[in-house]
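Visitor: Could you take me through one part of this model up close? I'd like to see how a helix sits against its sheet, and what each side of the helix carries.

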Amino acid sequence: MIKAVRGFKDLLPEEAGVFRWLEEQAREILRRHGFSEIRLPILERTELFARSIGESTDIVEKEMYTFQDRSGDSLTLRPEATAGVVRAFIEHGLYSRPKPLKLFTIGPMFRHERPQKGRLRQFHQIDVEVFGAASAGMDAELVALALGILRAGGARELRLEINSLGCPGCRAPYRETLREFLFSRRERLCEDCRRRTERNPLRALDCKREGCQKEYQEAPVLSAFLCEDCRRHYQHFKTYLQEGGIVFTENPRLVRGLDYYTRTIFEIKAAGLGAQDTVAAGGRYDGLVSALGGPETPAVGFAIGMERWSLVARGAPKEGTAPDLFIAPLGEEARRWAFRLAALLRERGLKVESDYEGRSLKALLRQADRLSARWALILGEQELQEQRALLKDLTSGTQLSLPFRDLEDLLNRVLIEILF
């Protein structure tokens with residue numbers, strides 16, 4: 001038996017139904033906020049992620065699915081969506097459109113991580129991006145939007161953590177101070193953190209090992225190094241959140257695993273998920289568009305992880321697959337009538353099932369019962385000759401004889417009895 005690849009999960013009808021419902025909640029709220037959908041390829045040139053996410057990040061160094069195609073080009077299954085949205089923003093000249101430009105995309109992402117609850121190697125995200133808005137007010141609006149989407153999907157007990165990573169100007173002296181701190185404790189750090197100390201010291205703060213986190217409790221914090229502009233932006237961001245009644249916790253050690261972030265970053269965590277409790281995260285990335293060859297464009301965005309959101313979602317309706325009507329035809333001519341009648345009833349919005357296998361009436365009614373059909377229409381050779389059909393209420397067991405002149409007449413009589 002061939003099984004699914006480790007870390008890649010089939011979404012069976014029940015789970016797919018929850019995903020679809022969550023996406024519908026998100027799409028409606030995003031529509032009200034003026035967002036337009038963009039659909040992107042899942043394959044991009046590897047260079048895109050190396051230049052945007054950062055060559056020294058765990059994602060690029062360890063987690064990407066990268067291969068050479070037959071032309072020798074290095075391609076990668078997208079590990080996140082922002083880089084692809086920015087690539088499309090530049091390639092198609094979307095920067096010439098009125099600002100702010102609000103875009104979202106929904107789809108699968110791929111990272112070679114250790115599979116666990118809420119974390120798969122193929123996972124799904126709702127990615128939301130805004131281009132051309134530099135104000136901290138937009139940062140706060142996106143936080144409120146993310147919280148609103150999650151709550152619309154039934155997520156409760158959400159916790160918001162925020163921080164500022166500053167700009168490249170004020171981050172440079174912090175990096176050096178942090179690097180010196182990490183060097184002083186190098187022997188007590190894990191191998192990954194020792195490597196990060198050399199290449200990207202901020203990434204060390206994101207280490208999940210308990211021993212390293214214990215060492216970082218005394219690490220310098222970036223907030224002490226913020227320039228006046230970044231400090232003002234961060235203060236405005238907090239003021240907007242307070243004005244909106246949004247409760248938050250400042251986490252001075254919060255970092256993101258992507259190098260393109262500047263200034264505002266945030267994570268939204270949900271109770272009941274254990275260690276992997278972040279269901280949405282994002283922030284500002286003002287330098288990414290220009291770094292990838294576009295014009296200077298401020299930008300901010302976030303992503304919601306569908307797998308984790310679905311684990312804390314409440315209120316998703318169960319898939320309604322039971323047919324309104326099961327047509328039980330007896331004989332070849334009756335099966336042809338059933339074929340045409342089912343098509344016409346479906347055009348009018350009814351869920352209809354039929355059978356073309358030549359089963360007995362007893363077997364057909366058993367099948368209707370297994371499908372939890374509300375009604376059964378019995379149509380056989382005798383019924384066709386007498387121009388009448390039997391409509392049976394499978395809940396009460398009562399049945400009604402329906403006289404008809406032709407197919408259209410039968411259609412109307414069935415609709416009257418079922419709908420009215």
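Guide: Here is a walk around helix α13 and the sheet beside it, with a short look at another helix at the end.

First, the ground rules: this is a predicted model, where local features need pLDDT of at least 70, side-chain atom pairs count only at pLDDT 80 or more, and totals for chains, interfaces and linings use all residues. Residues are numbered from 1 along each chain as its sequence is written, and side-chain values use heavy atoms, with hydrogens and water left out.

Let's start with the sheet. It's an open one with five strands in the order β13-β12-β14-β15-β16, and the pairing is mixed. Strands here are DSSP E runs of at least two residues, helices are H or I runs of at least four, and both are numbered from the N terminus; two strands pair if DSSP finds at least two bridges between them. β13 (352–354) and β16 (399–403) each have a single partner strand, so one side of each is left without a neighbour in the sheet. From one strand to the next, the twist averages 25 degrees. At the β16 end, β15 (residues 388–393) pairs with β16 in the antiparallel sense over five bridges, and Leu391 stands opposite Leu400 in β16.

Now the helices on that sheet. α13 lies across β12 (325–330), β13 and β14 (375–380), running at about 165 degrees to β12. Axes are lines fitted to C-alpha atoms, for helices over the stretch in contact, and angles run from 0 to 180 degrees between N-to-C directions. Helix α14 (residues 361–370) packs on the sheet too, touching β12, β14 and β15, and its direction makes about 165 degrees with that of β12.

Zooming in on α13 itself, its 16 residues should span 22 Å at 1.5 Å a residue, and the end C-alpha atoms are 23 Å apart, which agrees. (The expected span is 1.5 Å times one less than the number of residues.) Which residues of α13 are buried? They are Ala334, Arg335, Trp337, Ala338, Leu341, Ala342 and Leu345, where buried means under 20% relative accessible area, exposed over 50% and partly exposed in between, with a 1.4 Å probe and protein chains only. They cover an arc of only 155 degrees around the axis, which puts them on the same side of α13; the arc is that of the directions from the helix axis to the C-beta atoms. Their cover includes β12, β13, β14, α15 (381–386) and α16 (407–419). The face turned away from that buried side carries the exposed residues Phe339 and Glu347.

Arg335 is a good one to click on. Its relative accessible area is 15%, so Arg335 counts as buried. Setting aside neighbours within four places in sequence, Arg335 is in contact (heavy atoms within 4.5 Å) with Pro329, Asp355, Tyr356 and Gly358. Just after α13, Gly349 takes a positive phi of about 95 degrees.

For a second helix to look at, try α6 (residues 168–184): its 17 residues should span 24 Å, and the end C-alpha atoms are 24 Å apart, which agrees. Its buried residues are Cys170, Arg171, Tyr174, Leu178, Arg179, Phe181 and Leu182. They cover an arc of only 165 degrees, which puts them on the same side of α6. Turned away from that side are the exposed residues Gly169, Glu180 and Ser184. What covers the buried residues of α6 includes α7 (191–199), α10 (228–243) and β9 (262–270).

Terms used: The expected span of a helix is 1.5 Å times one less than its number of residues.
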